[in-house]
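Please work through the exercises below with the sequence and the model at hand, trying each task before reading its solution.

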Amino acid sequence: MATQVGVGNSIETDSREAGREAAARAVAAGGSAAGAVQSALLFATAPHDQERLLAGVRSVLPAAQLGGCSGEGVIVPGDTHECDHAVA
């Protein structure tokens, strides 16, 4: 089976919604069902509430292994976000 990759991002200020939106966009870009996603990398700016952010991601990707970090900004294909609230 081929590896599929999707990238999603959000600049939503509500942390739970940002996590949900970024995860849903990544799933759509990857072309597979959310339940088929085995792992995800998550990068978010520091102002996000990390617990609420993860709850949003988990609402879309309940079984995926997660890794990532917080930082000053996030980079996505064709764009960068160095604003207060960004997730990729």
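**Exercise 1: Overall shape and make-up**

Task: compare the radius of gyration of the protein with the value for a compact globule of 88 residues.

Solution. With 88 residues, a compact globule would have a radius of gyration near 12 Å, and the protein agrees because its own value is 12 Å; the radius is taken over C-alpha atoms, and the globule rule is 2.2 Å times the number of residues to the power 0.38. This is a predicted model, in which local features need pLDDT of at least 70 and side-chain atom pairs count only at pLDDT 80 or more, while totals for chains, interfaces and linings use all residues. Residues are numbered from 1 along each chain as its sequence is written, and side-chain values use heavy atoms, with hydrogens and water left out.

The next step is the extent of the C-alpha trace, which spans about 40 × 25 × 20 Å along its principal axes. As for the elements, the protein has two helices and four strands, which follow the order α-β-α-β-β-β from the N terminus; helices (H or I, at least four residues) and strands (E, at least two) are DSSP runs, numbered from the N terminus. Of the 88 residues, 34% count as buried, where buried means under 20% relative accessible area, exposed over 50%, and partly exposed in between (1.4 Å probe, protein chains only). Finally, among the contacts with a separation of 6 or more, 70% are made by residues 24 or more positions apart, contact meaning heavy atoms within 4.5 Å.

**Exercise 2: Two residues of helix α1**

Task: state whether S15 is buried or exposed, and find the residue whose side chain forms a polar contact with that of S15.

Solution. Begin with the location: S15 belongs to helix α1, which covers residues 15–30. S15 counts as buried because its relative accessibility is 6%. The side chain of S15 is then found to be joined to that of H48 by a polar contact of 2.8 Å; such a contact is a pair of N or O atoms within 3.5 Å, and within protein one must be able to donate a hydrogen and the other to accept it, with residues adjacent in sequence counting only if both atoms are side-chain atoms. Leaving out residues up to four places away in sequence, S15 touches H48, D49, R52 and L53.

A18 also lies in helix α1, and at a relative accessible area of 0% A18 is buried. Beyond four places in sequence, the contacts of A18 are S10, E12, H48, L53 and V87.

**Exercise 3: From strand β1 to strand β2**

Task: determine which residues L42 contacts beyond its neighbours within four places in sequence, and how much of C69 is accessible.

Solution. L42 is placed in strand β1, residues 39–45, and is buried, with a relative accessible area of 14%. Setting aside neighbours within four places in sequence, L42 contacts L53, L54, V57, G67, G68, C69, V87 and A88. One of these, V87, is 45 residues from L42 in sequence, yet their C-alpha atoms are 7.2 Å apart.

Turning to C69, this residue is part of strand β2, residues 65–71, and is partly exposed, with a relative accessible area of 45%. C69 touches L42, F43 and A44 when residues up to four places away in sequence are not counted. As a last step, the C-alpha distance between C69 and A46 is 9.1 Å, for a sequence separation of 23 residues.
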